[in-house]
Amino acid sequence: MSGFGALDRAFMGRALELAAHGMATAHPNPRVGCVLARDGRILAEGWHERAGGPHAEAVALARLQAQTGSPDAAGVAAGATAYVTLEPCNHHGRTPPCTEALIRAAVARVVYAVGDPNPMVNGDGARRLREAGVEVQSGLLEAEAAELNAGFIKRMQRGVPLVRLKLAMSLDGRTGLSDGRSQWITGEAARADVQAWRARSSAILTGVGTVLADDPRLSLRQPAPGVRQPLRVILDSDLSTPPGARVFEGAAERGVWIFTTSRDRTRADALAARGARIEQAGTGAQVDIAQVLSALAKADVNEVLVEAGATLAGALVREQRVDELLLYVAPVVLGNSARPLLALPEPASLAQAQRFAVVETVSLGADLRVRLRVPPGQ
């Protein structure tokens, strides 16, 4: 990060704040912010709000043009620096290339935080800017920018979405009473926090066991304007999801996908009539999780929030499919007969136990939210 000053860091920090405005609306596109500055002063700023809409650079340039009253965008940002959280694109998609807009506006310098892993960009944006005589620097607040788009980056680089497993437990690691009663372990503040994580997710995934036991909607209670309902995903090997389940309420708005190994056409047709998309994933008794994640990535899903019971949650951990844990801890004990957090075999030794690194802890009313990740290289 040599060559960056305090103002560079401040302006890129502001660009990251702007990018976060698209947290729940930009997907499947990355969350991107842009600040145009000159002589130590911000001229204009913008962020990418939604797929198909203008990119952050275009928004900032349009605002600058409006402020100056210029009838044309040519030269409107002459001598300015554009601080962008992601490498500007250099290809025609649903919108024109941002590189060409920056060049036409005559910016003198572009600083971007992290390279775009999209094969259609991936260094090409920086190359095009340099060819046009624009000074280009990268790597400023790179880790923060990568964190903001961890799901998008993983999908582009590895062909699978980021998997975030949400769990709520008592102090003694239990999720509900032995008879299945679990509402509500955590308080209202924790439940509101879950809604925020749902809103930023492209999909919410559960197993058929949870559908049968709890009949969840897997949706946002009151989505903010412009926020779409996440895709609802059910792993159901024998298609035992009831056609009358609440998960189908509003299915036309975002969709319900059911991954199965069953070839029962009668059940499949009944669920399809309720708006479900039936996908085959594996041929055995269990749905192939790897196939599910690959299919979701191909459908432009960046982040999956898993809200499931101990069996599916344990399987995801055991198969090392979980990138992040959202663990809500309530100050209550339920006893050793209550339901466990994860269904996992005991490791042969502590050295073989799956370990996670704590990323952050947040107090939510009387409860605690602990965010954890699999350590690098594990």
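The radius of gyration, taken here over C-alpha atoms, is set against a globule rule of 2.2 Å times the number of residues to the power 0.38. For the protein in this predicted model, which has 378 residues, that rule places a compact globule near 21 Å, and the value of 23 Å found for the protein agrees with it. Along the principal axes, the C-alpha atoms fill a box of roughly 70 × 45 × 35 Å. The secondary structure of the protein comprises 12 helices and 16 strands. Of the contacts with a separation of 6 or more, 72% join residues that are 24 or more positions apart.

Buried residues account for 49% of the 378 residues, while the protein exposes about 17,200 Å², of which carbon and sulfur atoms supply 51%. The protein carries 42 positive and 39 negative charges, and the mean positions of these two sets are 2 Å apart.

In soluble globular proteins, nonpolar side chains tend to be buried together. In the present model, the largest nonpolar core has 41 residues, and Met-12, Leu-36 and Ala-77 are those with the most contacts inside it. Two or more residues of this core are given by each of several elements, namely helix 1 (6–19), helix 2 (56–68), helix 4 (124–131) and helix 5 (142–148), together with strand 1 (33–38), strand 2 (41–47), strand 3 (81–86) and strand 4 (109–114). Helix 1 provides the largest share of the core, with six residues. A second core, separate from this one, has 34 residues, including Ile-289, Ala-308, Leu-316 and Val-322. When neighbours within four places in sequence are left aside, Ala-77, from the largest core, is in contact with Arg-38, Leu-61, Leu-64, Ala-105, Ala-106 and Val-107.

Two polar residues, Gln-65 and Arg-104, have contacts in the segment that precedes Ala-77. Gln-65 is found in helix 2 and, because its relative accessibility is 22%, counts as partly exposed. Beyond its neighbours within four places in sequence, Gln-65 is in contact with Ser-70, Pro-71, Asp-72, Ala-73 and Val-76, and the C-alpha atoms of Gln-65 and Gly-75, 10 residues apart along the chain, are separated by 9.7 Å. Arg-104 has its place in helix 3 (residues 98–104) and, with 47% relative accessibility, likewise counts as partly exposed. Not counting residues up to four places away in sequence, Arg-104 touches Asp-72, Ala-73, Ala-74 and Gly-75, so that Asp-72 and Ala-73 are contacts of both Gln-65 and Arg-104. By C-alpha positions, Arg-104 lies 41 Å from Asp-323, which is 219 residues apart from it in sequence.

Glu-279 belongs to strand 11 (residues 276–280), and its contacts, apart from residues up to four places away in sequence, are with Trp-257, Ile-258, Phe-259 and Thr-260. The C-alpha atoms of Glu-279 and Glu-45 are 43 Å apart, with these positions 234 residues apart in sequence numbering.

Several backbone features may be considered against the general pattern. Most residues other than glycine have a negative phi, and most peptide bonds are trans. The peptide bond from His-27 to Pro-28 is cis, with omega near 15 degrees, and Pro-28 is found in the loop between helix 1 and strand 1. Leu-218, which is not a glycine, has a positive phi of about 55 degrees and is found in the loop between helix 8 (208–214) and strand 9 (231–235). Gln-320, also not a glycine, has a positive phi of about 60 degrees and is found in the loop between helix 12 (310–318) and strand 13 (324–329). The surroundings of these two residues contrast, in that Leu-218 counts as buried at 2% relative accessibility, whereas Gln-320 is exposed, with a relative accessible area of 56%.

Both residues of the cis peptide bond, His-27 and Pro-28, are touched by Asn-302. Asn-302 is found in the loop between helix 11 (289–298) and strand 12 (303–306) and counts as buried because its relative accessibility is 5%, the cut-off for this class being under 20%. Besides His-27 and Pro-28, the residues touched by Asn-302, not counting those up to four places away in sequence, are Asn-29, Gly-151, Phe-152, Arg-155, Pro-161, Leu-162 and Ser-202. One of these, Ser-202, is 100 residues apart from Asn-302 along the chain, and the C-alpha atoms of the two are separated by 6.1 Å.

Conventions: Residues numbered from 1 in each chain as written. Predicted model: local features only at pLDDT ≥ 70, side-chain atom pairs only at ≥ 80, totals over all residues. Heavy atoms only, no water. Helix = DSSP H or I, 4+ residues; strand = E, 2+ residues; numbered from the N terminus. Buried < 20%, exposed > 50% of the residue type's maximum accessible area, 1.4 Å probe, protein only. Contact = heavy atoms within 4.5 Å. Areas by Shrake-Rupley, 256 points an atom, 1.4 Å probe, with all protein chains shown as cover. Lys, Arg positive; Asp, Glu negative; His and termini not counted. Charge placed at Lys NZ, Arg CZ, Asp CG, Glu CD. Core = buried A, V, L, I, M, F, W, Y, C linked by side-chain atoms within 4.5 Å.
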